[in-house]
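User: I'd like to learn how the labels on a protein model get decided. Could you take me through this one?

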Amino acid sequence: MFQNWQGRVRRVLPWLLLALMLSGCGSGLWQASGLAEGEEQQWEQWLLEGWSLGGQDGSMSALLWQFLCGTVPTNPYGQLASGMPGVSGAAGHIVNVVTEEEAFYAAALVPDQWQHRFEKVKELTVSEDVQVILYHTHNAETYVPDAGVSKVNGQNGGVVQAADVFQAALQQKYGIRTVHNTTLHDYPNWNRAYQNSLITVQQLLQANPNVKAVFDIHRDAGFTSKKPTTTMINGKSAARIMLVIGGNHENWQENLAFARQLETKCNELYPGLLRDHIHIRETGRYNQQANGHSVLLEIGSDLNTQEEANYALECFAQVVYEVLQT
């Protein structure tokens, strides 16, 4: 008896709630759930929040919904799979979704377009010798809006993805043969990261004696807003780049001179892309003693998005290309 009653409620309740919303009688209910009447994307917000009443592990209203309807309010794909209609945009506009897979692909993020743009470059001769080396002392550094965390310990994070874009632009767009090394240096011992990465850099330089530039790619942290580390380049948001030089070795001025060339050209081509002036750390080396054209790059902060970091290095690739021509 109880199971039959529960089954009937599960079938009727979603339609009852929908009827209340469409008729306007449910405005008080919407407001009580934290949604203003007439607000855009009410249904999506409701599905994501589950009418949360402030609970950390699931609100009473979400649990009640799951008990009565047999679906989880915080899982929109579960709602679609159960055959429940969705309301998109302003209340009253019904969207018919055929399958869960269609809903997923319709909502999926558009992939980065830089790969497709670079593939269109024709009649390009890539240099025989490796001219640029990219590596990461802190591989785990990533971008919170995309990864949900600031570091992915034991993995290659967002800075490595951004360097993939850097390498692709240098090679496919400008013909500069580039090595991108993704060896983990910061795991399991973060404190030995620079010692580990120095070994990698020395091996790469020995194998590629004609290298013209070496970049250790990081991202900054410690900001409460991404405004200081974000700019607009040609109408598109980009993470700002900071050039860092270590002054605790004999040949640091050679690295500084190279960084100044990059700074001058970047300010000419992409004003605002660089953050502040070149940062010189008197007590640091950053493995830059290994090569006279070594620079540490901070690509935005952990508050920037992956796409902003990718675009920043896509732009910076042109800077490197033009500096190396001289």
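**How the labels are earned**

User: Why is V244 called buried?
Analyst: Buried means under 20% relative accessible area, with exposed over 50% and partly exposed in between (1.4 Å probe, protein chains only). V244 has 4% relative accessibility, so it counts as buried. Keep in mind that this is a predicted model, where local features need pLDDT of at least 70 and side-chain atom pairs count only at pLDDT 80 or more, while totals for chains, interfaces and linings use all residues. Residues are numbered from 1 along each chain as its sequence is written, and side-chain values use heavy atoms, leaving out hydrogens and water.

User: What does V244 touch?
Analyst: Contact means heavy atoms within 4.5 Å. Leaving aside residues up to four places away in sequence, V244 touches H279, Y286, Q288, V295, L296 and E298. The C-alpha atoms of V244 and S294 are 9.6 Å apart, with their positions 50 residues apart along the chain.

User: Which strand holds V244, and what makes something a strand here?
Analyst: V244 lies in β8. Strands are DSSP runs of E with at least two residues, helices are runs of H or I with at least four, and both are numbered from the N terminus. By that count the protein chain has 12 helices and 10 strands.

User: How do you know that β8 is mostly covered?
Analyst: Count the buried residues: 6 of its 6. On one side sit I241, L243 and I245, on the other M242, V244 and G246, and all are buried. In a regular strand the side chains alternate between the two faces of the sheet.

User: What makes two strands a pair?
Analyst: DSSP has to find at least two bridges between them. β8 and β10 have 4 bridges, in the antiparallel sense, and there M242 stands opposite E298 of β10. β8 and β9 have 3 bridges, in the parallel sense, with I245 opposite I280 of β9. As background, strands of a sheet pair through backbone hydrogen bonds, either parallel or antiparallel.

User: In what order do the strands of the open sheet come?
Analyst: The 6 strands run β4-β3-β5-β10-β8-β9, with mixed pairing. β4 (178–180) and β9 (279–281) are called edge strands, as each pairs on one side only. From one strand to the next, the twist averages 25°.

User: Which strands pair with β5, and over how many bridges?
Analyst: β5 (residues 213–220) pairs with β10 (residues 294–301) in the parallel sense over 6 bridges. It also pairs with β3 in the parallel sense, over 4 bridges. D216 has a partner each way: L296 in β10 and Y135 in β3.

User: Why is β5 called largely enclosed?
Analyst: 8 of its 8 residues are buried, so the rest of the structure largely encloses β5. That covers both faces, with A213, F215, I217 and R219 on one side and V214, D216, H218 and D220 on the other.

User: How do you know that α11 has the span it should?
Analyst: The expected span is 1.5 Å times one less than the number of residues. For the 18 residues of α11 that gives 26 Å, and its end C-alpha atoms are 26 Å apart, so the two agree. Helix α11 (residues 252–269) lies across β5, β8 (241–246), β9 and β10, at about 165° to β8. Angles run from 0 to 180 degrees between N-to-C directions, and axes are lines fitted to C-alpha atoms, for helices over the stretch in contact.

User: And why is α12 called largely enclosed?
Analyst: 16 of its 19 residues are buried, so α12 is largely enclosed by the rest of the structure. Its span checks out as well: 27 Å expected, and end C-alpha atoms 27 Å apart. Helix α12 (residues 306–324) lies across β3 (132–135), β5, β8 and β10.

User: What makes the crossing of α9 and α12 right-handed?
Analyst: A crossing is right-handed if the near helix is turned clockwise from the far one by less than a right angle, and left-handed if anticlockwise. α9 passes α12 in a right-handed crossing. The axes of α9 (residues 158–173) and α12 cross at roughly 35° and come within 8 Å.
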